[in-house]
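Visitor: I am new to this structure and should be grateful for a guided introduction. May we look at it together?

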Amino acid sequence: METARVLVAADKFKGSLTAVQVAERVTAGLRRVVPGVRVETLPVADGGDGTVAAAVAAGFERREARVTGPLGDPVTAAYAVRETTAVVEMAEASGLQHLPDGVFAPLTATTYGSGELLRAAVDAGARTIVFGVGGSATTDGGAGMLVALGARLLDADGKPVGPGGGGLVDLAEADLSGLDPRFADIDLVLASDVDNPLTGPKGAPEVYGRQKGATEADIATLDAALAHYASLLGPEQADLPGAGAAGGIGYGALVALGARFRPGIEVMLDVLGFAPALDRATFVITGEGSLDTQTLHGKAPAGVAAAARAAGVDVVAVCGRLALSPEALEGAGIRRAYALLDLEPDPAVCMAEAGALLERAAESIARDFLA
């Protein structure tokens with residue numbers, strides 16, 4: 001029998017293991033049972049947090065820039081570059097991780113730093129930018145990002161409106177003539193697993209505002225402010241897929257920067273070189289922290305499994321928590337899933353010892369499929 005060639009292409013286990021650590025632990029477990037197994041690792045991400053780390057693991061160069069955080073304080077944000085392609089993760093500049101515990105600013109958090117990060121990527125020579133959006137602390141429709149890139153958003157007195165989505169209530173004039181002209185020649189790819197519109201019942205404030213600390217009154221304020229903002233910049237783009245991503249930063253990128261939307265996992269698999277890695281594999285292991293109904297809507301394991309199934313390669317998954325039926329897994333192209341909670345039912349212990357448990361799960365995979 002030919003020696004298996006295993007491709008480990010898993011996302012992070014949020015809160016416990018990075019995608020790189022997941023790959024390392026799975027590899028260690030496989031080799032404990034089948035010492036000679038050939039393993040290639042390709043940590044993956046779907047455009048959300050962890051996207052830059054996945055690009056760096058795939059050979060991109062990590063760069064850093066000092067930018068404005070969501071509360072207006074300076075933060076250090078990373079992006080990744082390879083030749084003329086850059087991977088920029090908006091959460092690095094404007095993400096929830098930059099908020100102190102328990103401190104939210106739903107009306108005033110700004111994407112200004114995301115604009116600065118995009119400009120840093122262009123300054124570094126990027127001609128194609130994969131703009132991963134997710135995990136944002138902001139609901140400003142990308143207004144801060146556009147101001148950082150040269151737009152002027154003014155109130156009735158000709159003064160700049162305040163930061164965040166709340167400030168857009170006072171918007172009277174949107175002058176985009178000063179936008180950095182280099183973006184006219186940049187291929188800006190909006191990479192997201194979110195296809196929500198900007199406003200309305202499925203819009204950014206209503207669907208995602210509460211996780212950013214917004215009250216019901218804040219959500220109503222933000223929805224009205226973003227609708228007003230879109231009426232001045234371009235209402236037709238407000239309903240495009242991805243416009244509501246990351247507090248509406250997708251809209252700002254689509255309406256003013258010429259971005260094109262693509263599902264995040266599709267973009268990232270292209271950028272990371274998944275297709276040639278899959279060609280070399282006879283067996284694929286994917287996964288993420290929680291395999292649930294959200295997984296089926298454009299998350300990394302679903303994208304990996306769909307591509308592998310199309311190539312006729314078997315896929316199994318590892319996860320912390322499994323909330324999908326065997327039928328749902330089969331429908332996604334995943335033969336079997338191995339959940340850490342099946343090995344350690346206490347969630348706190350499971351997260352704390354995720355690495356060791358993942359090695360045990362990988363040993364089971366090796367015995368079931370590779371030995």
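The following exchange concerns strands, their pairing and the helices beside them.

Visitor: In which sense do strands β1 and β2 pair?
Guide: The model is a predicted one. In it, β1 covers residues 5–8 and β2 covers residues 38–41, with four bridges between them. Val8 stands opposite Thr41 in β2. The sense of the β1 and β2 pairing is parallel.

Visitor: Which hand does the β-α-β crossover from β1 to β2 have?
Guide: On leaving β1, the chain passes through helix α1, residues 19–33, before it reaches β2. This β-α-β crossover is right-handed.

Visitor: Which strands stand at the edges of the open sheet of six strands?
Guide: The order in this open sheet is β3-β4-β5-β6-β9-β10, and the pairing is mixed. Two strands each have a single partner, so one side of each is left without a neighbour in the sheet. These edge strands are β3 (61–68) and β10 (260–263).

Visitor: Which residue of β10 does Val189 stand opposite?
Guide: Strand β9, residues 187–192, pairs with β10 in the parallel sense. Four bridges join β9 and β10. Opposite Val189, in β10, stands Arg260.

Visitor: At about what angle does helix α9 run to β10?
Guide: Helix α4, residues 112–123, lies across β3, β4, β5, β6 and β9, and runs at about 140° to β3. Helix α9, residues 264–272, lies across β4, β5, β6, β9 and β10. Its angle to β10 is about 85°.

Terms used:
Residues are numbered from 1 along each chain as its sequence is written. This is a predicted model: local features need pLDDT of at least 70, side-chain atom pairs count only at pLDDT 80 or more; totals for chains, interfaces and linings use all residues. Side-chain values use heavy atoms; hydrogens and water are left out. Two strands pair if DSSP finds at least two bridges between them. A crossover is right-handed if, with the strands pointing away from the viewer, the path from the first strand over the helix to the second runs clockwise. Contact means heavy atoms within 4.5 Å. Axes are lines fitted to C-alpha atoms, for helices over the stretch in contact, and angles run from 0 to 180 degrees between N-to-C directions.
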